[in-house]
Amino acid sequence: MRARTLVPTLEAFLESEEAAPSSEPPDWVHVLTGLARAGTRIARVVARTGLTGTLPRTGDRNVHGEAATRIDKYAHNAIVEEVADAEMLCSIISEEAEDLMPLPSGHPDGGCILAVDPLDGSSNLGVNVPVGTIFSLLPHSPSDDATGAGLTLSDILRPGRDQIAAGYILYGAATTLVYTSGRGVHGFIRDPESGEFLLNRRDIRVPSPSARHYSTNEAYTRRWDPRQHELVRHFKKPPPGGAKGFSARYIGSLVADIHRTLLVGGLFMYPAFRGKPEGKLRLMYEAAPMALIMEQAGGRATNGTEDILDIRPRDIHQRTPLFAGTRELVDLAASFLGHGERRRA
Ligand code: AHG
Ligand code: MN
Ligand code: MN
């Protein structure tokens, strides 16, 4: 009989892998475990969508003028509650809040900011499509004011390269948490029996498969730049002698599209186009955390002219085009779009 190996829980993994020998795990670990607790609460509510009246929309609009569902607000509140005790945090940036949210007075300034999209893709919930939470932890530049109350925008608008940790929670057939702290990418699945997130994939690498996917909303073709047209035309050309051609996959739910791209390879694209000069996705809590995940897994992410992780935000809710996935495909996209390796003939 084969001996059963014990699968580490998220907490056990963080303790053994993220702490230096014989020392305490770093403080961001408490934020991550808080996010996992919030994810458990959000997953439960997501699973009951349709039964509990979390849809239809409330009629409220979030800071981007988009209809916010009650479940987006629930997810935001669950996250704020579950991370509020983490001493390293001083404030939160959320898709659901117009301004930087300082933590209640009396909370120490731990020098760190959580940027979060509490529930991305919630418009998909009405048809039972996976949605997700995206998170990014950033240090803020030292401020004169030890309480953090004196934080200015320039203290917090840090490029993605500075992230301490980043990742996402996917509410799909299984609730899955993927994170990186800059030392590889690890994936955990929540066991509904025990309620624990259990290690499922250690050190995930984005594959370079022979059957490749491109992933984009092609309904916007009419508004694309000619270079974007040319890139997608390239994917549709008959492949040279015997090679497998491209296939398309697009869910329209970022966390699900990125998770597939991370596990099976391919190229995810949300480009700029006429009417959306910066694309749709938000830099600080959508593109930058996904870019750190991709780079740490051996892939790449660019806005077409600059690596996402090098962009210094001008605004907490800034948008950016995003091309992410298998490194050679992102290189190819960048070469068509005018950045990176010189375009092959
Ligand atoms: P939101 O943040 O409003 O929930 O938007 C979802 C996002 C993201 O999940 C997905 O990648 C993108 O919207 C899809 O947008 P299109 O419908 O324009 O393709
Ligand atoms: Mn959202
Ligand atoms: Mn979103």
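Is Leu309 buried or exposed? Leu309 counts as buried, because its relative accessibility is 1% and the cut-off for buried is under 20%. The model is predicted.

**Around Leu309**

Leu309 sits in a loop. That loop runs between strand S12 (300-302) and strand S13 (322-325). Leaving aside residues up to four places away in sequence, Leu309 touches two groups of residues. One group is Pro159, Gly160, Arg161 and Gln163. The other is Ala288, Ala291, Leu292 and Glu295. Met284 lies 25 residues from Leu309 along the chain, and their C-alpha atoms are 9.8 Å apart.

**Helix H7**

Helix H7 covers residues 283-296. Twelve of its 14 residues are buried, so the helix is largely enclosed by the rest of the structure. Among the buried residues are Ala288, Ala291 and Leu292, which Leu309 touches. Leu283, Met284, Tyr285, Glu286 and Ala287 are also buried. So are Pro289, Met290, Ile293 and Met294. H7 is followed by Gly298, which has a positive phi, near 90°.

**The manganese ions**

H7 also supplies a metal donor. Glu286 coordinates the manganese ion (ligand 3). The manganese ion (ligand 2) has its own set of donors, including Glu95.

| Ion | Protein donors | Distances | Donor spacing |
|---|---|---|---|
| Manganese ion (ligand 2) | Glu95 (OE), Asp117 (OD), Leu119 (O) | 1.9 to 2.5 Å | E-x21-D-x1-L |
| Manganese ion (ligand 3) | Asp117 (OD), Asp120 (OD), Glu286 (OE) | 2.0 to 2.1 Å | D-x2-D-x165-E |

What separates the two ions, and which residue coordinates both? The manganese ion (ligand 2) and the manganese ion (ligand 3) are 3.8 Å apart, and Asp117 coordinates both. Asp117 and Glu286 link distant parts of the chain. Asp117 is in strand S3 (residues 112-120), Glu286 is in H7, and 169 residues separate them.

How accessible are these donors? Asp117 counts as buried, because its relative accessibility is 0%. Glu286 is buried too, with a relative accessible area of 1%. Leu119, a donor to the manganese ion (ligand 2) through its O atom, is likewise buried.

**The H2 and H3 pair**

Helix H2 (residues 28-47) packs with helix H3 (residues 70-83). Their axes are 8 Å apart and meet at an angle of about 150°. That angle makes H2 roughly antiparallel to H3, because angles over 145 degrees count as such. The crossing is right-handed.

Which residues of H2 and H3 meet? From H2 come Val31, Gly34, Leu35, Arg37, Ala38, Arg41, Ile42, Val45 and Val46. From H3 come Ile71, Tyr74, Ala75, Ala78, Ile79, Glu81, Glu82 and Val83. By class, this contact has twelve nonpolar, one polar and four charged residues. Arg37 and Arg41 of H2 take part, as do Glu81 and Glu82 of H3. An α-helix has 3.6 residues a turn, so residues three or four places apart point the same way.

**The chain overall**

The chain has eight helices and 13 strands. It comprises 345 residues, of which 52% are buried. Among contacts with a separation of 6 or more, 63% join residues 24 or more positions apart.

Definitions and conventions:
Residues numbered from 1 in each chain as written. Chains lettered and ligands numbered in written order. Predicted model: local features only at pLDDT ≥ 70, side-chain atom pairs only at ≥ 80, totals over all residues. Heavy atoms only, no water. Donors = N, O, S within 2.8 Å, 3.2 Å for Na, K, Ca; no water. Helix = DSSP H or I, 4+ residues; strand = E, 2+ residues; numbered from the N terminus. Buried < 20%, exposed > 50% of the residue type's maximum accessible area, 1.4 Å probe, protein only. Axes fitted to C-alpha atoms, helices over the stretch in contact; angles between N-to-C directions. Parallel < 35°, antiparallel > 145°, perpendicular 65-115°, else oblique. Left-handed = near helix turned anticlockwise from the far one by under 90°. Contact = heavy atoms within 4.5 Å. Nonpolar A, V, L, I, M, F, W, Y, C, P; charged D, E, K, R; others polar.
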